[in-house]
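Work through the exercises below with the sequence and the 3D view open. Each task is followed by a solution in steps.

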Amino acid sequence: MENDRSDNASRLLVVLMTAPDRDEASRIAECVQILPEVQSVYRWKGEVERNTEILLLAKTTSDKFDELDRAVREIHSYDTPEIIALPVNAASESYLNWLLAS
């Protein structure tokens with residue numbers, strides 16, 4: 001059972017995304033957590049940019065990441081939206097089962 005849980009958890013991803021404002025974050029969000037504003041500092045076209053953005057956290061599986069990436073890009077206003085997936089090393093069994101079922 002422990003091995004099955006580890007194998008299934010390794011398929012899980014936490015995806016970090018940013019949006020310029022709450023309206024766009026809400027359009028992107030179907031089943032995500034929307035965090036309060038964050039201050040982003042980054043280089044864009046040779047200049048240092050400082051902007052307030054909204055951080056979104058999504059959970060998905062590795063086999064559905066490409067679908068999530070395409071869907072976000074269709075909605076997003078940025079030329080190069082931040083969409084970063086981090087692997088989940090472990091998760092509670094009940095949460096893991098719920099996420100894999102949904």
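**Exercise 1. Salt bridges**

Task: State how many salt bridges the structure holds, then describe the one between Arg11 and Asp63.

Solution.
Step 1. The structure, which is a predicted model, holds three salt bridges.
Step 2. One of them is formed by the side chains of Arg11 and Asp63, with an N to O distance of 3.9 Å. The cut-off for such a pair is 4 Å from nitrogen to carboxyl oxygen, and the value of 3.9 Å falls within it.
Step 3. Place the two residues along the chain. Arg11 sits in the loop between α1 (2-9) and β1, and Asp63 in the loop between β3 and α3. The two are 52 residues apart, and the pair links distant parts of the chain.

**Exercise 2. Elements and overall extent**

Task: List the secondary structure elements in order from the N terminus, and give the box that the C-alpha atoms fill.

Solution.
Step 1. Count by type: the chain has four helices and four strands.
Step 2. Put them in order. Starting at the N terminus, the elements run α-β-α-β-β-α-β-α.
Step 3. For the extent, take the principal axes: the C-alpha atoms fill a box of roughly 50 × 25 × 25 Å.

**Exercise 3. The sheet**

Task: Work out the strand order of the sheet, and explain why β2 and β4 each have one side without a neighbour.

Solution.
Step 1. The four strands form an open sheet in the order β2-β3-β1-β4, and the pairing is antiparallel.
Step 2. β2 and β4 (83-87) stand at the edges of the sheet. Each has a single partner strand, so one side of each is left without a neighbour in the sheet.
Step 3. From one strand to the next, the twist averages 30°.
Step 4. Add the helix that crosses the sheet. α3 lies across β1 (12-19), β3 and β4, and runs at about 160° to β4.

**Exercise 4. Pairing along β3**

Task: Find the residues of β3 that stand opposite Val32, Val38, Arg43 and Leu12.

Solution.
Step 1. Begin with β2 and β3, which run antiparallel and are joined by eleven bridges.
Step 2. Follow this pair through three positions. Val32 stands opposite Ala58, Val38 opposite Glu53, and Arg43 opposite Val48.
Step 3. Look at the turn of this hairpin. Two residues lie between the strands, and Lys45 takes a positive phi near 55°.
Step 4. Turn to the pairing of β3 with β1, which is also antiparallel and extends over eight bridges. Here Leu12 stands opposite Thr61 in β3.

**Exercise 5. The two largest pockets**

Task: For the largest pocket and the second largest pocket, give the volume, the elements that contribute to the lining, and the make-up of the lining residues.

Solution.
Step 1. The largest pocket holds about 640 Å³ of space. Its lining has 23 residues, and those nearest the centre are Glu30, Cys31, Lys59, Thr60 and Leu68.
Step 2. Two or more lining residues come from each of α2 (22-28), β2 (32-44), β3 (47-61), α3 (65-75) and α4 (93-101). α3 supplies the largest share, five residues.
Step 3. Sorted by type, the lining of the largest pocket has 13 nonpolar, four polar and six charged residues.
Step 4. The second largest pocket has a volume of about 240 Å³. Among its lining residues are Thr18, Tyr42, Trp44, Asp79 and Pro81.
Step 5. β2 and β3 are the elements that give two or more residues to this second lining, and β2 gives the most, with three.
Step 6. By type, the lining of the second largest pocket divides into four nonpolar, three polar and four charged residues.
Step 7. Glu53, the residue opposite Val38, is also found in the lining of the second largest pocket.

Note on methods:
Residues numbered from 1 in each chain as written. Predicted model: local features only at pLDDT ≥ 70, side-chain atom pairs only at ≥ 80, totals over all residues. Heavy atoms only, no water. 1 Å grid on protein atoms, 1.4 Å probe; cavity = no way out; pocket = protein on both sides within 12 Å on 5 of 7 lines; lining within 4 Å. Points joined across faces, edges and corners; volume = space filled by probe spheres on them. Nonpolar A, V, L, I, M, F, W, Y, C, P; charged D, E, K, R; others polar. Pairing = 2+ DSSP bridges. Axes fitted to C-alpha atoms, helices over the stretch in contact; angles between N-to-C directions. Contact = heavy atoms within 4.5 Å.
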